[in-house]
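Me: I've got a structure open and I'd like to learn how to read it feature by feature. Can you walk me through it?

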Amino acid sequence: MTTFGNTFSGGPDCSICPSSRPAFFRLDPEKIRFPPGVVRRLDAVPEPGPDEVDEAKRSTLKLALIGGMLALGTAGVASFLRFAVPPPAGSATYPRVQLLYSDGTPVLASSYRYASTSTDLIVFNYPLDNEPNLLLNLPGPAPGGIGPTQSLVAFSAVCQHLGCIPPFISYYPPGACGTFNGGRAFIHCVCHGSTYNPAVSAPGGGAAIITGPTVSPLPQVILVWDQTTDQVFAAGEVGPAVKGHSSTLVGGNVVFNPVTAEAPQIPTQQCPV
Ligand code: FES
């Protein structure tokens, strides 16, 4: 199964829960070079005759040649390693990007296409191209919510436990699982059962934890509403670093403006026990 550029081959067990998400590196062959050789000038000496072979000088030259090759080899390996392990990709600041639907139409806050009862997965990558987020329309006002009812929010779609992503982590509308979370909406990861409350901010930001095994809240994307045009932008993130990243801004390529929310997909849902 391929979802947002990620391939799954099994069901919701730990084998599909990468603890880290690899960054993509590109080596610049122009930078992988060995240093130039060193040329030394020697005093001129008479050429030995064909029968005048100086064994001592020959041995000295052999040793010098071997030493030079070793020095060049060491320097070459060091130079190669320096360029073969590039600095981690990322960004110094959060970009401001407009959100579009997959058909190219701008997301408008006052007429968001998906009701608070919809379980369709609307996912966009931000701020890096390997950091998916859920775009949700909650039943009512929520911390960080935008739009006329302050209900449009976005959270990381990378579970903070071991990194499961959609379709295994998804939104559960009010009443989807009886009285769980008091019958209110929640976010649930079926890999190991972590649940998050999108209507409650944890200290430091992010969706508060309802149940573990996660010990970290779900990072929240800062959405900005342009009330003149009704358009929606992503402009930052609060809470802990996205799972698998040392910093939310490090470990991938920064997205370009605008970003597209992927077409709706059916989540893998199962009520928490
Ligand atoms: S990865 Fe374990 S609960 Fe989500």
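**Reading the model together**

Reply: Sure, let's start with one residue. G251 is buried, at a relative accessible area of 14%. Keep in mind that this is a predicted model.

Me: Where is G251 found along the chain, and how many residues separate G251 from L128 in sequence?

Reply: G251 is in the loop between strand 12 and strand 13. G251 and L128 are 123 residues apart in sequence, yet their C-alpha atoms are 7.8 Å apart in space.

Me: Let me step back. How many helices and strands does the protein chain have?

Reply: The protein chain has one helix and 13 strands. Reading along the sequence, you get β-β-α-β-β-β-β-β-β-β-β-β-β-β. Of the 273 residues in the protein chain, 40% are buried.

Me: What about other pairs that are apart in sequence? Which strand holds V224, and how far is V224 from A235 in space?

Reply: V224 lies in strand 11, residues 220-226. Its C-alpha is 6.7 Å from that of A235, with the two positions 11 residues apart in sequence terms. V224 is partly exposed, because its relative accessible area is 25% and the buried class stops under 20%.

Me: And S102: where is S102 in the chain?

Reply: S102 is placed in the loop between strand 3 (97-100) and strand 4. At 45% relative accessibility, S102 counts as partly exposed. The C-alpha atoms of S102 and F124 are separated by 9.7 Å, and the two residues are 22 apart along the chain.

Me: Now the inside. How many residues does the largest nonpolar core have?

Reply: The largest nonpolar core has 25 residues, and those with the most contacts inside it are L134, L136, F155, I169, I187, Y196 and L218. At least two residues of this core come from each of strand 5, strand 6 (152-156), strand 7 (169-172) and strand 8 (186-189). Another core, of 21 residues, lies apart from it, and includes V107, A234, V255 and A261.

Me: How do I look for empty space inside a protein?

Reply: Rolling a probe the size of a water molecule over the atoms shows where empty space is left. Here, the count comes to one cavity of 30 Å³ or more. The largest cavity has a volume of about 70 Å³.

Me: Which residues line the largest cavity?

Reply: The lining is made up of Y112, Y114, A115, S118, D120, I122, L135, L136, N137 and Y171. Strand 5 (residues 132-137) gives the most to this lining, with three residues. By class, the lining has seven nonpolar, two polar and one charged residues. L136 is worth clicking on: this residue lines the largest cavity and is also among those with the most contacts inside the largest nonpolar core.

Me: I see tyrosines there. How are aromatic rings described?

Reply: A pair of aromatic rings is described by the distance of the centres and the angle of the planes. A search of the whole structure finds six aromatic pairs. Ring pairs link Y101, Y112 and Y114 into a cluster, and Y112 and Y114 also turn up in the lining of the largest cavity.

Me: Which charged ends sit over rings?

Reply: Try R113 and R96. The charged end of R113 sits over the ring of Y101, 3.8 Å from its centre. The charged end of R96 sits over the ring of F233, 4.5 Å from its centre.

Me: Last topic: the backbone. What should I look out for?

Reply: Most residues other than glycine have a negative phi, and most peptide bonds are trans. With that in mind, look at the cis peptide bond joining Y126 and P127, with omega about -10 degrees. P127 is in the loop between strand 4 (123-125) and strand 5. Another cis peptide bond joins N257 and P258, with omega about -5 degrees. P258 is in the loop between strand 12 (231-238) and strand 13 (259-260).

Me: And which phi values should I check?

Reply: Phi of Q150 is near 50 degrees, a positive value in a residue other than glycine. N181 also has a positive phi, near 60 degrees. Q150 is in the loop between strand 5 and strand 6, while N181 is in the loop between strand 7 and strand 8.

Me: Are Q150 and N181 buried or partly exposed?

Reply: One of each. Q150 is partly exposed, with a relative accessible area of 44%, whereas N181 counts as buried, at 14% relative accessibility.

Technical notes:
Residues numbered from 1 in each chain as written. Predicted model: local features only at pLDDT ≥ 70, side-chain atom pairs only at ≥ 80, totals over all residues. Heavy atoms only, no water. 1 Å grid on protein atoms, 1.4 Å probe; cavity = no way out; pocket = protein on both sides within 12 Å on 5 of 7 lines; lining within 4 Å. Points joined across faces, edges and corners; volume = space filled by probe spheres on them. Helix = DSSP H or I, 4+ residues; strand = E, 2+ residues; numbered from the N terminus. Nonpolar A, V, L, I, M, F, W, Y, C, P; charged D, E, K, R; others polar. Core = buried A, V, L, I, M, F, W, Y, C linked by side-chain atoms within 4.5 Å. Buried < 20%, exposed > 50% of the residue type's maximum accessible area, 1.4 Å probe, protein only. Phe/Tyr/Trp six-rings, centres within 6.5 Å; stacked < 30°, edge-to-face > 60°. Lys NZ or Arg CZ within 6 Å of the ring centre and 35° of its normal.
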